Each structure stands twice: as C-alpha cells, then as structure tokens.
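Before the comments themselves, please look over the sequence and the model, since the points below are meant to be read alongside them. They deal with charged side chains and then with the strands.

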Amino acid sequence: MKSNSVRSLDQSMDFLERQLARMWRDSGQIELANQLSFNEYDYLKCVHELKSPRLSDLAKQMNVSRPSATTMVQKLEKRGLVKRSPCPEDGRAFRLSITPKTLNILEKDREIYSALNNRIRKALPENELSRLEKLLSKVCDSIGD
C-alpha cells in the first residue's frame, strides 16, 4: 500500500517492525523467532558480538547484575543456545559462546534484515539513502549505550 502522506516517526517505526514480522512469517522460519524472548535474543546477540565474553563482561554490557546474567546464561545453556568453556586467563572464570543452533537463528535474522535493507535501497535514490544512513547513525549514537 503506497501513500503520499508523511508518516510520523512512531508510525514509521511501527510499520517497519510489522514488515519485519511479516518477512519472518513469509520466510517459513517463524518458529525460530518464536523460540526466543526479546531478552534472550538480546543476550545471544551480545554474546555473539562480544566474541566469547566472560560472564562479568556480558553482565556489564547488558547492564545487569552478575546473578541476573548467570540465571539467563544457565537458561540459555540448558536450551543448547550457549556453551561455557574454561577461561585460559582465569581458571575460576569461563568464556561464553553461541552454539550452531544459535548461529542458525542469527544468520536467518541477518537474512531478513538484509532483505529489508535491499527493499529500502531500491526505494530510495543514492543521495536519500546516504542521508538516511547518516541520520540513523546519528540516532543510534545518541540513544545507544
């Protein structure tokens, strides 16, 4: 549905969120998305981005207490989504990593975002796309951690 009216930022964010949900459904992989709560997904993305963090590093990045991070990691480990390995630098600590099952979920997620990205790139001329990227980067920098 095309519209010449200008959407508010709230409307645009809602629209994009719904588009992503539809794309997940259409991909036939919706069960992957439904396996995780938003909080669980956030933890998994963080473990993946930090590349084998210690629990203390994960808790700091997630801005949660160590006991909260421990509880979530135990839950994710029981589900086969993360694994613990001994930390070579500190025998008392361990490193976290994602499992192939989690990597599959994150890769599918990346494919969905890439498909939406391609649709946006086709919808905008290069100068507008460049402006959008700069504006979104500015917003991410200002609201990020």
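1. I would begin with Lys 75, which has a relative accessibility of 42% and therefore counts as partly exposed; as with everything in this note, the value comes from a predicted model. The side chain of Lys 75 forms a salt bridge with that of Glu 40, with a distance of 3.1 Å from N to O. Because Glu 40 belongs to helix α3 (residues 38–50) whereas Lys 75 belongs to helix α5 (residues 66–78), this pair ties together parts that are 35 residues apart in sequence.

2. Is Glu 40 buried or exposed? With a relative accessibility of 4%, against a cut-off of under 20% for burial, Glu 40 counts as buried, whereas its partner Lys 75 counts as partly exposed.

3. Glu 40 also meets the side chain of Arg 79 in a salt bridge, here at 2.7 Å from N to O. Arg 79 is placed in the loop between α5 and β1 (82–86) and Glu 40 in helix α3, so this contact ties together parts that lie 39 residues apart in sequence. Arg 79 itself, at 30% relative accessibility, counts as partly exposed.

4. A further salt bridge joins the side chains of Asp 57 and Arg 54, with a distance of 3.5 Å from N to O. Asp 57 is partly exposed, its relative accessible area being 30%, and Arg 54, at 27% relative accessibility, likewise counts as partly exposed. Returning to the earlier residues, salt bridges with shared partners join Glu 40, Lys 75 and Arg 79 into one network.

5. For the model overall, the count comes to 9 salt bridges; those discussed above include the pair of Glu 40 with Lys 75, the pair of Arg 79 with Glu 40 and the pair of Asp 57 with Arg 54. As general background, side chains of opposite charge can pair when their charged atoms come close.

6. Turning to the strands, β1 and β2 run antiparallel and are joined by 5 bridges. Which residue of β2 is the bridge partner of Pro 86? That partner is Phe 94. Strand β2 (residues 94–98) is mostly covered, in that 4 of its 5 residues are buried.

Notes
Residues are numbered from 1 along each chain as its sequence is written. This is a predicted model: local features need pLDDT of at least 70, side-chain atom pairs count only at pLDDT 80 or more; totals for chains, interfaces and linings use all residues. Side-chain values use heavy atoms; hydrogens and water are left out. A salt bridge is a side-chain nitrogen of Lys or Arg within 4 Å of a carboxyl oxygen of Asp or Glu. Helices (H or I, at least four residues) and strands (E, at least two) are DSSP runs, numbered from the N terminus. Buried means under 20% relative accessible area, exposed over 50%, partly exposed in between (1.4 Å probe, protein chains only). Two strands pair if DSSP finds at least two bridges between them.
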